[in-house]
Protein chains: 2
Amino acid sequence: MGIVERKIRQKEEVRSSILKAAWQLVEKEGWQALSMRKIAEAIEYSAPVIYDHFQNKEAILLEFTKEGFRILNDRLDKAKSQFTDPPRQMEAMAYAYWHFAFENQEYYQLMYGLGMPSCEMVQEISELTTFTELIMSCLKDMIKISNNQQADPYLKFRTFWSMIHGLISINMMGKGNSINELNTMVLNDFLKGFIAGIKA
Amino acid sequence: MGIVERKIRQKEEVRSSILKAAWQLVEKEGWQALSMRKIAEAIEYSAPVIYDHFQNKEAILLEFTKEGFRILNDRLDKAKSQFTDPPRQMEAMAYAYWHFAFENQEYYQLMYGLGMPSCEMVQEISELTTFTELIMSCLKDMIKISNNQQADPYLKFRTFWSMIHGLISINMMGKGNSINELNTMVLNDFLKGFIAGIKA
DNA sequence: CTATATTTCCTAACAGCGTTAGCAAAGTTA
DNA sequence: TAACTTTGCTAACGCTGTTAGGAAATATAG
């Protein structure tokens with residue numbers, strides 16, 4: 001009897017319709033305007049139904065945060081695979097990260113809590129591990145072929161991550177848009193120094 | 001007739017009691033738990049009275065954001081004045097910034113909207129100009145005595161600001177606390193490269 | 001000193017929020 | 001057909017920021 005299967009399928013459908021509706025709302029009005037009641041209206045159910053699929057609103061946001069990191073990891077992976085030279089891989093990943101942030105501002109803001117969450121939830125995001133390893137493996141390769149064998153890859157990773165995130169978030173804080181010339185120069189300026197600092 | 005003066009004085013007193021009460025609440029429960037009704041209760045007035053002194057809740061937050069930048073500017077100024085050598089001044093300001101952020105997390109989170117505001121309000125914060133000039137003047141001095149005369153001080157400023165803010169915000173995102181050894185090393189690692197990059 | 005005008009400040013309300021309780025209807029199983 | 005389970009609703013609780021309207025206190029003028 002495939003009844004139970006059908007039920008599971010239907011339940012899954014509602015669940016994904018919640019996520020779909022939520023995301024459309026986020027895209028249209030920003031994630032701060034997202035409300036359970038609006039989602040309910042969009043999926044043509046009453047609000048309490050959402051709680052049969054997600055524990056609370058934060059759980060929905062967490063889902064998007066994870067999705068964001070999955071997309072980011074994917075972009076980084078693609079960028080990296082286009083080169084074999086570690087420094088070039090690093091550079092490519094930096095640009096990929098940068099473009100991801102500005103092409104997916106809603107995701108980025110959710111991921112980094114430019115509007116509130118992600119303080120306790122950080123540890124629940126397993127995707128962060130993948131992210132860290134993706135970049136650190138490249139850094140290890142860079143150190144391996146450098147004259148600076150005792151460099152700490154984790155330290156370099158934190159430096160890299162901090163810089164690129166800081167650059168993005170200070171930009172988003174301002175006019176919100178603009179991936180302009182200055183910013184590209186700032187990124188280049190940093191990358192040059194960063195990569196040189198590992199080589200030597 | 002000093003009546004009008006007294007009235008102004010009294011009004012000013014209520015205004016500052018609002019700010020004082022609000023800040024106590026922020027310190028005790030975090031700024032996300034701040035509400036107009038709680039402020040009203042603390043100052044022993046009804047909620048609508050607050051609107052005689054501030055246009056809305058955001059205006060109160062903006063007040064704190066500005067106050068935060070004033071404190072930060074003060075710290076930077078003090079740090080800078082302890083040295084005459086521009087690179088040392090730069091270093092001192094970096095540490096001052098860093099310590100300010102962790103000793104005044106509530107302020108920092110408000111200032112940089114780690115919890116939401118400051119997207120349109122950025123342009124209303126005149127204190128940002130002072131901040132920018134404080135650091136840029138030092139960078140200009142550094143460039144003046146360097147072998148790299150054509151370096152762009154604004155570009156360097158953005159690099160500096162991005163890095164240090166990124167470092168702080170990624171840290172606050174995590175465990176929230178901890179000004180630990182690793183972070184000091186990351187900061188040192190960056191500063192070394194940054195200062196060297198300007199000199200040469 | 002009284003009467004008018006103004007300021008102060010409250011209660012009540014609006015419209016929204018996340019979330020929970022409880023019940024009615026629909027669907028499933030025996 | 002009867003009993004049980006699931007589904008999904010309405011209504012409500014306790015919050016939120018903010019506004020309208022009126023009562024009471026205060027200040028001004030005659």
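**Domain contact in chain A and the surface near DNA strand D**

A salt bridge joins the side chains of A:Arg15 and A:Glu63, at 3.1 Å from N to O; the term covers a side-chain nitrogen of Lys or Arg within 4 Å of a carboxyl oxygen of Asp or Glu. Helix 1 of chain A contributes the most to the side of domain 1 of chain A that touches domain 2 of chain A, namely six residues, helices being DSSP runs of H or I with at least four residues, numbered from the N terminus. That side of domain 1 of chain A comprises 11 nonpolar residues, two polar and one charged.

The model is predicted, with local features needing pLDDT of at least 70 and side-chain atom pairs counting only at pLDDT 80 or more, while totals for chains, interfaces and linings use all residues. Side-chain values rest on heavy atoms, without hydrogens and water; residues are numbered from 1 along each chain as its sequence is written, and chains are lettered from A and ligands numbered from 1 in the order in which they are written.

Turning to the DNA, 18 residues surround strand D, and the closest are A:Ser46, B:Arg6, B:Arg37, B:Tyr51 and B:Lys57; a residue is near the strand if one of its heavy atoms lies within 4 Å of it. A polar side-chain atom of B:Tyr51 sits 2.8 Å from a phosphate oxygen of DNA strand D, and for B:Lys57 a backbone N or O atom lies 2.9 Å from a phosphate oxygen of this strand. A base nitrogen of DNA strand D is 3.3 Å from a polar side-chain atom of A:Arg37.

Notes: Polar contact = N/O pair within 3.5 Å; in protein donor to acceptor, adjacent residues only side chain to side chain. Helix = DSSP H or I, 4+ residues; strand = E, 2+ residues; numbered from the N terminus. Nonpolar A, V, L, I, M, F, W, Y, C, P; charged D, E, K, R; others polar.
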